[in-house]
Amino acid sequence: YNVAALGDVNGDGFDDFAVGAPGAIDILAGTTIVGAGAVFVYFGSATGPSTTPSKVLRANTVNTYALFGFSIAGGNVIGNSRNDIIVGAPGDSYSILLNGLPTNVTAGKVYIFRGEDLTTANPIATVSLSAAGTPGTSFSVNPLFGFSVAAAEDMNGDGLGEVVVGS
């Protein structure tokens, strides 16, 4: 669905890239989850990338039509020496506190995978919308948080790159 240049995420000196497949079907415990999505990461090498993915990334909570992989970016946002992978899932669902009550919403989520630790393929952080402390807030329309993602240079002086999310 989309392709993103990641820079060197695995530290081997060669640039890597990722292919997003937001409509990919996930099979979890024998149940087919439609539109869960996936990201296929290809590591570069002296002979070029492999014809099969070096790593497959998926959301750690699989939801129907989450569209994980709809947007992808690479950049050093954790502060180590390697680029990280930022993945948008604009259809992801989760529970938030809305007017003091737990409420399931489809609002989108962003996952961050540390480039130096792709052996586990678990995100080190997620970013999602929250309505805590906002009286009268509602999510009647999916805001598509994670529709676009980007990595930016340090904007607040803390020495870390920034994650930019479109909705």
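The following is a conversation about two asparagines, a cavity and the nonpolar cores of a predicted model.

Visitor: Why is N80 called buried?

Guide: N80 has a relative accessibility of 18%, and because the term buried applies under 20%, N80 counts as buried. This residue belongs to the loop between β7 (71-75) and β8 (84-89).

Visitor: What makes the side chain of N80 and the backbone nitrogen of R82 a polar contact?

Guide: A polar atom of the N80 side chain lies 3.2 Å from the backbone nitrogen of R82, and since the cut-off for such a pair is within 3.5 Å, the distance satisfies it. Once neighbours within four places in sequence are set aside, N80 is in contact with R114 and E116.

Visitor: How do you know that N2 counts as buried?

Guide: The relative accessibility of N2 is 16%, and buried means under 20%, so N2 counts as buried. Its place is in strand β1, which covers residues 2-7.

Visitor: Which backbone oxygen does the side chain of N2 reach at 2.5 Å?

Guide: At that distance the N2 side chain reaches the backbone oxygen of F70, while the backbone oxygen of G69 lies 3.1 Å from a polar atom of the N2 side chain; the limit for a polar contact is within 3.5 Å. Leaving aside neighbours within four places in sequence, the residues in contact with N2 include G69 and F70, and also A18, V19 and G20.

Visitor: How many cavities of 30 Å³ or more does a search of the whole structure find?

Guide: The search finds one, and the largest cavity holds about 30 Å³ of space. Its lining is formed by D26, A36, G37, R58, A59, V62 and N63.

Visitor: What makes up the lining of the largest cavity by class?

Guide: There are three nonpolar, two polar and two charged residues in that lining; Gly counts as polar in this scheme, and G37 is one of the lining residues.

Visitor: Which residues touch the most other members of the largest nonpolar core?

Guide: Among the 16 residues of this core, they are V39, L57, F68, I85 and F113. At least two residues of the core come from each of β1, β5 (38-42), β8 and β11 (109-113), and β8 gives the most, with three residues. Another core lies apart from it and has seven residues, including A73, I86, I112 and F145. As a general matter, nonpolar side chains in soluble globular proteins tend to be buried together.

Conventions:
Residues are numbered from 1 along each chain as its sequence is written. This is a predicted model: local features need pLDDT of at least 70, side-chain atom pairs count only at pLDDT 80 or more; totals for chains, interfaces and linings use all residues. Side-chain values use heavy atoms; hydrogens and water are left out. Helices (H or I, at least four residues) and strands (E, at least two) are DSSP runs, numbered from the N terminus. Buried means under 20% relative accessible area, exposed over 50%, partly exposed in between (1.4 Å probe, protein chains only). A polar contact is a pair of N or O atoms within 3.5 Å; within protein, one must be able to donate a hydrogen and the other to accept it, and residues adjacent in sequence count only if both atoms are side-chain atoms. Contact means heavy atoms within 4.5 Å. On a 1 Å grid over the protein atoms alone, a cavity is a set of points where a 1.4 Å probe fits but cannot get out, and a pocket is an open set with protein on both sides within 12 Å along at least five of seven lines; lining residues have an atom within 4 Å of a point. Grid points are joined across faces, edges and corners, and a volume is the space filled by probe spheres set on the points. A nonpolar core is a set of buried Ala, Val, Leu, Ile, Met, Phe, Trp, Tyr and Cys residues joined through side-chain atoms within 4.5 Å.
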